[in-house]
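Reader: I'm a first-year student, and I'd like to look closely at one part of this molecule rather than rush through the whole of it. Could you start with a greasy spot on the surface and then follow the thread inward?

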Amino acid sequence: MIKNENIPNLLTLIRILIIPFFLFVSSFSNAIGWHVFAAIIFAVASLTDYLDGYLARKWHVVTNFGKFADPLADKMLVMSAFIVLVGLDLAPSWVSAVIICRELAVTGLRLLLVETGGEVLAAAMLGKIKTVTQMLSIIFLLCHWTFLGTVFLYVALFFTIYSGYDYFKGARFLFKDTFK
């Protein structure tokens, strides 16, 4: 029997394991039906992101695996999806590149904060909005709802940049001696 404290970690692991299946289905064919199936797979994986966080907070369960794997799984899922969208010619490569670079930069910032004994960078509301708009844009674009997907894509781009700026502004003390 699985204990409650293991369920959020299990959901994170499931999200990671869904990624190759999502990649396979999304690249299987140019048929819209396959892309919609990939969107459904992506939506299910996205729901595990919400659910694992909700359950971990509700049950006050924090594990080292969860602290490591949950943000990693989120980044792997979203970055893979944006690469797929570029490959399917459903999103501009420059938008996907900005989003992926921001994700890597904020991940690096989180690691630097941990290494320097700084506070762990929790997801702020801007980051949550960024995540939701990114996920919705991916789902809509995979469903070939181009107008709605494109609107959400550029809203996601805005919140991606703005939340990245906000994270770096909050951690500017780490770089105070950079340009002396």
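Author: Gladly! Find F21, F24, F28, W34, F37, I40 and V44, which together make a nonpolar surface patch of about 680 Å². Two elements give two or more residues to this patch: helix 1, running over residues 7-28, and helix 2. Of the contributors, helix 2 gives the most, with four residues. Keep in mind as we go that this is a predicted model.

Take F28 as an example from the patch. F28 belongs to helix 1. With a relative accessible area of 45%, F28 is partly exposed, because that value falls between the 20% limit for buried and the 50% limit for exposed.

Now follow helix 2 along its length. Helix 2 covers residues 32-58, which makes 27 residues, and from its first C-alpha to its last it reaches 38 Å. That is close to the 39 Å expected at 1.5 Å a residue. After helix 2 comes H60, which has a positive phi, near 55°.

Helix 1 and helix 2 are also joined by charged side chains. Some background helps here: side chains of opposite charge can pair when their charged atoms come close. The structure holds eight salt bridges, and R15 is a good residue to start from. The side chains of R15 and D49 form a salt bridge, with 4.0 Å from N to O. Because R15 sits in helix 1 and D49 in helix 2, this pair ties together parts that are 34 residues apart in sequence. R15 and D49 are both buried.

R15 has a second partner, D52, in a salt bridge of 3.0 Å, N to O. Since R15 is in helix 1 and D52 in helix 2, this pair ties together parts 37 residues apart in sequence. The relative accessible area of R15 is 0%, so R15 is buried. D52 counts as buried too, at 3% relative accessibility.

The side chains of R15 and D74 meet in a salt bridge as well, again given as 3.0 Å, N to O. Here the link runs from R15 in helix 1 to D74 in helix 3, parts of the chain that are 59 residues apart. D74 has 16% relative accessibility, so D74 counts as buried. Through salt bridges that share partners, R15, D49, D52, D70 and D74 are joined into one network.

Next, let's look for the nonpolar side chains inside. In soluble globular proteins, nonpolar side chains tend to be buried together. In this model the largest nonpolar core has 28 residues, and those touching the most other members are F22, F42, F82, L85, I138, L142 and L153. At least two residues of this core come from each of helix 1, helix 2, helix 3 (64-87), helix 4 (93-115), helix 5 (125-142) and helix 6. Helix 3 gives the most to this core, with six residues.

L85 shows what such a core residue touches. Not counting residues up to four places away in sequence, L85 touches L90, A91, I138, L141 and L142. Another core lies apart from the largest one and has six residues, among them L109, L113, Y167 and A171.

S80 is another residue to find in helix 3. At 15% relative accessibility, S80 counts as buried. Leaving out residues up to four places away in sequence, S80 touches I19, F22, L23 and K75.

Finally, turn to helix 6. Its 25 residues should span 36 Å at 1.5 Å a residue, and its end C-alpha atoms are 35 Å apart, which agrees. The buried residues of helix 6 include L153, F159, S163 and Y167. Among what covers the buried residues of helix 6 are helix 3, helix 4 and helix 5.

Zoom in on S163, which lies in helix 6 (residues 146-170). S163 has 1% relative accessibility, so S163 counts as buried. Its contacts, leaving aside neighbours within four places in sequence, are R102, L126, G127 and K130.

To retrace our path: we began at the surface patch that includes F28 and W34, passed through the salt-bridge network that includes R15 and D74, and ended at buried S163.

How values were computed:
Residues are numbered from 1 along each chain as its sequence is written. This is a predicted model: local features need pLDDT of at least 70, side-chain atom pairs count only at pLDDT 80 or more; totals for chains, interfaces and linings use all residues. Side-chain values use heavy atoms; hydrogens and water are left out. The expected span of a helix is 1.5 Å times one less than its number of residues. Buried means under 20% relative accessible area, exposed over 50%, partly exposed in between (1.4 Å probe, protein chains only). Contact means heavy atoms within 4.5 Å. Patches are made of residues with over 30% relative accessible area and no salt bridge: like charges are joined within 9 Å, nonpolar side chains (Val, Leu, Ile, Met, Phe, Trp, Tyr) within 5 Å. Accessible areas come from the Shrake-Rupley method with a 1.4 Å probe; for residues, only the protein chains shown count as cover. A nonpolar core is a set of buried Ala, Val, Leu, Ile, Met, Phe, Trp, Tyr and Cys residues joined through side-chain atoms within 4.5 Å.
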